[in-house]
Amino acid sequence: MSTISIIGSGGMAAAIGGLAGKAGHTVEVTSRDAAKARALAKQIGAGATTGRFGAAPVGDIVILAVPYSAVLDVVKQYGERLAGKLIVDITNPIKSDFKGFLTPEDSFGAQEIARVAPDNATVVKAFNTQNAQVLAAGPIGGHPLDVFIAGDDSQAKARVSSFINSLGLRPMDTGRLIMARTLEHACMLWLGLMTHAIKHTNFSIRVSLLG
């Protein structure tokens, strides 16, 4: 089992933290709002603790569970305290009107995070195509949810895959970190389906293996 530090206290932090606690991982929660961090740690239970926002995370795996609009400032504030950490980026740099992205045209969210993180930190994209409520609910029709990942470091991706497996989810490696751009577009696809076809959020994008 691992020690996981989650920066953030919203729905995705609660979903991932809850699954991690149930799986036997040690969970640390930090947030700019210390009261929300304490409440989430209590909700997670299983010995979950809180850390001081901006202080060095205790976990080797650090999950960025804050909106993309805030994540670059958060990573800059932590600075060298993230040195040597495996950073899991779950964010989506999508505009509030769902009509485009907040990143430069020649970049993508995970790359922007990697640019401001310490040089010896490793960024892996994961969880960004999952809805918090669906993620927290677990398998759909007996099938584990798919968590798509991307990253340049194979050992880091193996660690993230192992963590995902331990939560009862299915990791799906999509390739190098540049594939995070495609995963961020996949979230836009999810939003389009939710808005125009499915009309609710109780669904997940997954891979069906035929034959």
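Start by selecting residues 146-151, which form strand 7. Strand 7 and strand 8 pair in the parallel sense, over four bridges. This is a predicted model, so keep that in mind at every stop.

**Stop 1: one bridge.** Click on Val-147. Which residue is its bridge partner in strand 8? The partner is Pro-171.

**Stop 2: the whole sheet.** Now show every strand. You are looking at an open sheet of eight strands. Trace the order 3-2-1-4-5-6-7-8 across the sheet. The pairing is mixed. Which strands are the edge strands? They are strand 3, residues 49-50, and strand 8, residues 170-173. Each of these pairs on one side only.

**Stop 3: a helix on the sheet.** Select residues 109-116, which make up helix 4. Helix 4 packs on the sheet. Add the three strands helix 4 touches: strand 4 (61-64), strand 5 (86-89) and strand 6 (122-125). Then compare directions. Helix 4 makes an angle of about 165 degrees with strand 6.

**Stop 4: an annotated stretch.** Colour residues 3-93. An unreviewed UniProt entry annotates this range as "domain: Pyrroline-5-carboxylate reductase catalytic N-terminal". Over residues 3-93, the chain is 37% helix and 22% strand. Pick the C-alpha atoms at the two ends of this range: they lie 27 Å apart.

**Stop 5: the largest pocket.** Select Met-12, Ile-90, Asn-92, Gln-130 and Cys-187. Of the 25 residues lining the largest pocket, these are the closest to its centre. The volume of this pocket is about 520 Å³. Next, show helix 1 (11-22) and helix 7 (180-198). These are the elements that give two or more residues to the lining of the largest pocket. Which helix gives the most? Helix 7 does, with four residues. Try colouring the lining by class. You will find 15 nonpolar residues, ten polar and no charged.

**Stop 6: the second largest pocket.** Select Ala-14, Ala-15, Gly-18, Leu-19, Lys-22, Gln-43, Ile-44 and Ala-136. Together they line the second largest pocket, whose volume is about 150 Å³. Helix 1 and helix 2 (34-44) are the elements that give two or more residues to this lining. How many residues come from helix 1? Five do, and that is the largest share. By class, the lining of the second largest pocket has five nonpolar, two polar and one charged residues.

Technical notes. Residues numbered from 1 in each chain as written. Predicted model: local features only at pLDDT ≥ 70, side-chain atom pairs only at ≥ 80, totals over all residues. Heavy atoms only, no water. Pairing = 2+ DSSP bridges. Contact = heavy atoms within 4.5 Å. Axes fitted to C-alpha atoms, helices over the stretch in contact; angles between N-to-C directions. UniProt positions renumbered as here; feature names shortened; annotations may be inferred. 1 Å grid on protein atoms, 1.4 Å probe; cavity = no way out; pocket = protein on both sides within 12 Å on 5 of 7 lines; lining within 4 Å. Points joined across faces, edges and corners; volume = space filled by probe spheres on them. Nonpolar A, V, L, I, M, F, W, Y, C, P; charged D, E, K, R; others polar.
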